Amino acid sequence: MYKRVIDEPKNSYFLFGIRGIGKSCWLREIYNNAYFIDFLNSETLRLYLSKPERLVNVVDGILQTSAVRTIVLDEIQKVPQILDSIH
């Protein structure tokens, strides 16, 4: 992997870029202890498409029951309705 120019932001953020340049790989390297929700997984996609507000309960559960403090939503453009829950 090439050294990236971007430094790890301290708050929530969107990471944009063209397909196949290594965004997901970079996230997995930087946030190797994070909880990843990958919307390219068809089962995950169907789960959140049917009820996007489910994310609130999932995140609350993760934060209350584990030491994980970083949650990565990969390929979120697949479920644009979920942005209302995040907001």
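The legends below accompany several views of one protein chain, shown as a predicted model.

**Figure 1. Overall view of the protein chain, with its four helices and two strands.** Followed along the sequence, these elements are arranged in the pattern α-β-α-α-β-α. The C-alpha trace extends over about 35 × 30 × 20 Å along its principal axes, and the accessible surface of the chain amounts to about 6,700 Å², with 53% of that area belonging to carbon and sulfur atoms. Of the 87 residues in the chain, 23% are buried. Where contacts link residues at least 6 apart in sequence, 54% of them join residues at least 24 apart.

**Figure 2. Close-up of the largest pocket, which has a volume of about 1,000 Å³.** The pocket is lined by 33 residues, and those closest to its centre are Tyr 13, Phe 14, Leu 15, Val 72 and Leu 73. Helix 1 (23-30), helix 3 (54-65), strand 2 (71-74) and helix 4 (82-86) are the elements that each give two or more residues to this lining. By residue class, the lining comprises 18 nonpolar, nine polar and six charged residues.

**Figure 3. Close-up of Tyr 13, in the segment before helix 1.** Tyr 13, one of the residues closest to the centre of the largest pocket, has a relative accessible area of 28% and is therefore classed as partly exposed. When its neighbours within four places in sequence are left aside, Tyr 13 is in contact with Trp 26, Leu 27 and Tyr 31. Between Tyr 13 and Cys 25, which are twelve residues apart in sequence, the C-alpha to C-alpha distance is 16 Å.

**Figure 4. Close-up of Arg 28 in helix 1.** The relative accessibility of Arg 28 is 42%, so this residue counts as partly exposed, a class that lies between the 20% limit for buried and the 50% limit for exposed residues. Once residues up to four places away in sequence are excluded, Arg 28 touches Phe 36 and Asp 38. Val 72 is 44 residues away from Arg 28 along the chain, yet the C-alpha atoms of the two residues are separated by 9.0 Å.

**Figure 5. Close-up of the largest nonpolar core, which has seven residues in all.** The core is made up of Ile 37, Phe 39, Tyr 48, Leu 55, Ile 76, Val 79 and Ile 82. Apart from this core lies another, of six residues, which include Leu 27, Tyr 31, Ala 34 and Val 72. In soluble globular proteins, nonpolar side chains tend to be buried together. Tyr 48, a member of the seven-residue core, is in contact with Ile 37, Phe 39, Arg 54, Leu 55, Val 58, Val 79 and Ile 82, its neighbours within four places in sequence being left aside.

**Figure 6. Close-up of Glu 75, in the loop between strand 2 and helix 4.** Although Glu 75 is not a glycine, its phi is positive, at about 65°. Most residues other than glycine have a negative phi. Glu 75 has a relative accessibility of 16% and counts as buried, because this value is under 20%.

Conventions:
Residues are numbered from 1 along each chain as its sequence is written. This is a predicted model: local features need pLDDT of at least 70, side-chain atom pairs count only at pLDDT 80 or more; totals for chains, interfaces and linings use all residues. Side-chain values use heavy atoms; hydrogens and water are left out. On a 1 Å grid over the protein atoms alone, a cavity is a set of points where a 1.4 Å probe fits but cannot get out, and a pocket is an open set with protein on both sides within 12 Å along at least five of seven lines; lining residues have an atom within 4 Å of a point. Grid points are joined across faces, edges and corners, and a volume is the space filled by probe spheres set on the points. Ala, Val, Leu, Ile, Met, Phe, Trp, Tyr, Cys and Pro count as nonpolar, Asp, Glu, Lys and Arg as charged, and the others, Gly among them, as polar. Buried means under 20% relative accessible area, exposed over 50%, partly exposed in between (1.4 Å probe, protein chains only). Contact means heavy atoms within 4.5 Å. Accessible areas come from the Shrake-Rupley method with a 1.4 Å probe; for residues, only the protein chains shown count as cover. A nonpolar core is a set of buried Ala, Val, Leu, Ile, Met, Phe, Trp, Tyr and Cys residues joined through side-chain atoms within 4.5 Å.
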